[in-house]
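This report goes through a protein chain residue by residue where side chains meet. The sequence and the structure come first, and the description follows.

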Amino acid sequence: MADSTVWWLIAGAAIVLELLSGTIYLLLLSVGFAAAAVSAHLGASLSTQLVVAALVGVGAVLTWYLARRKDRAARPPSQANPDINQDIGGTVMIESWGPDGTTTVRYRGAQWTAIPRPGAAPATGMHRVAEVVGSRLVVDKI
């Protein structure tokens, strides 16, 4: 069996395993295996094929990891991310604050405890939900 055939079979097996596991990393490694198959078609030696598979596969994984890491750093934490929590951005009316700096508001059909964002003074009126911490709404004055 030709070297290129073996590399294509390995790449196909990695893709099947990726489909079963649901991760992207095996798919990226299969790109390295496919690059090794192409280098085998071009007549490269076995050691060159191994180097190509390693460099392309690991390079693809590192590129993906660094891109995801950069993306994760740009996103707000989950308790303040409107893509994850539908309560972020909602509005509530606050009529009074308790002496402990909290109040109870009716929001989406339930009673919630609301607190002002740290460093902000409690004020009455309309507020926007900035975060959800446990069962408390952290609010900003609009």
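H127 sits in strand β4 of this predicted model. With a relative accessible area of 3%, H127 is buried, because the cut-off for that class is under 20%. The H127 side chain comes to 3.1 Å from the backbone oxygen of A123. Beyond its neighbours within four places in sequence, H127 touches G90, T91, V92, I94, W97, V139, D140, K141 and I142.

Several of these names return in the nonpolar core. Which residues make up the largest nonpolar core? It has twelve members in all: I88, V92, I94, W97, V105, Y107, W112, A114, V129, V132, L137 and V139. At least two residues of this core come from each of the strands β1 (91-94), β2 (103-107), β3 (110-116), β4 (125-133) and β5 (136-141). In soluble globular proteins, nonpolar side chains tend to be buried together.

One member of the largest core, Y107, has a contact list that leaves aside neighbours within four places in sequence: D87, G90, T91, V92, W112, V129 and L137. Another core lies apart from the largest one and has five residues, including W7, A36, A40 and A53.

T102 is placed in the loop between β1 and β2. Is T102 buried or exposed? Its relative accessible area is 14%, so T102 counts as buried. The T102 side chain makes a polar contact of 2.8 Å with the side chain of D100. Outside the span of four places in sequence, T102 is in contact with W97, T113, A114, I115 and R136. Of these partners, W97 and A114 belong to the largest nonpolar core.

Charged pairs come next. The model has three salt bridges, listed here with the N to O distance for each pair.

| Salt bridge | N to O distance |
|---|---|
| R108 and D87 | 2.7 Å |
| E131 and R117 | 3.9 Å |
| D140 and R117 | 2.9 Å |

The side chains of R108 and D87 form a salt bridge. This pair links distant parts of the chain, as R108 is in the loop between β2 and β3 while D87 is in the loop between α3 and β1, 21 residues apart. The two partners fall into opposite classes of accessibility: R108 is exposed at 52%, whereas D87 is buried at 5%. D87 is also one of the contacts of Y107. The backbone of R108 has a phi near 50°, a positive value in a residue other than glycine.

The side chains of E131 and R117 also meet in a salt bridge. Because E131 lies in strand β4 and R117 in the loop between β3 and β4, this pair ties together parts that are 14 residues apart in sequence. E131 is buried, with 18% relative accessible area, and R117 is partly exposed at 32%.

D140 forms a salt bridge with R117 as well. D140 lies in strand β5, so its pairing with R117, in the loop between β3 and β4, ties together parts that are 23 residues apart in sequence. At 27% relative accessibility, D140 is partly exposed. Which residues do salt bridges with shared partners join into one network? They are R117, E131 and D140. D140 is also among the contacts of H127.

The remaining items concern the helices and the surface. M1, V6, L9 and I10 form a nonpolar patch on the surface, and together they have about 410 Å² of accessible area. Within this group, L9 is found in helix α1 (residues 3-21). L9 has a relative accessible area of 53% and is therefore exposed, the cut-off being over 50%.

T63 lies in helix α3 (residues 46-74). T63 is likewise exposed, with a relative accessible area of 53%. The C-alpha atoms of T63 and L28 are 9.8 Å apart, and the two residues are separated by 35 residues along the chain.

Methods: Residues numbered from 1 in each chain as written. Predicted model: local features only at pLDDT ≥ 70, side-chain atom pairs only at ≥ 80, totals over all residues. Heavy atoms only, no water. Patch = residues over 30% accessible without salt bridge, like charges linked within 9 Å, V, L, I, M, F, W, Y side chains within 5 Å. Areas by Shrake-Rupley, 256 points an atom, 1.4 Å probe, with all protein chains shown as cover. Salt bridge = Lys/Arg side-chain N within 4 Å of Asp/Glu carboxyl O. Helix = DSSP H or I, 4+ residues; strand = E, 2+ residues; numbered from the N terminus. Buried < 20%, exposed > 50% of the residue type's maximum accessible area, 1.4 Å probe, protein only. Core = buried A, V, L, I, M, F, W, Y, C linked by side-chain atoms within 4.5 Å. Contact = heavy atoms within 4.5 Å. Polar contact = N/O pair within 3.5 Å; in protein donor to acceptor, adjacent residues only side chain to side chain.
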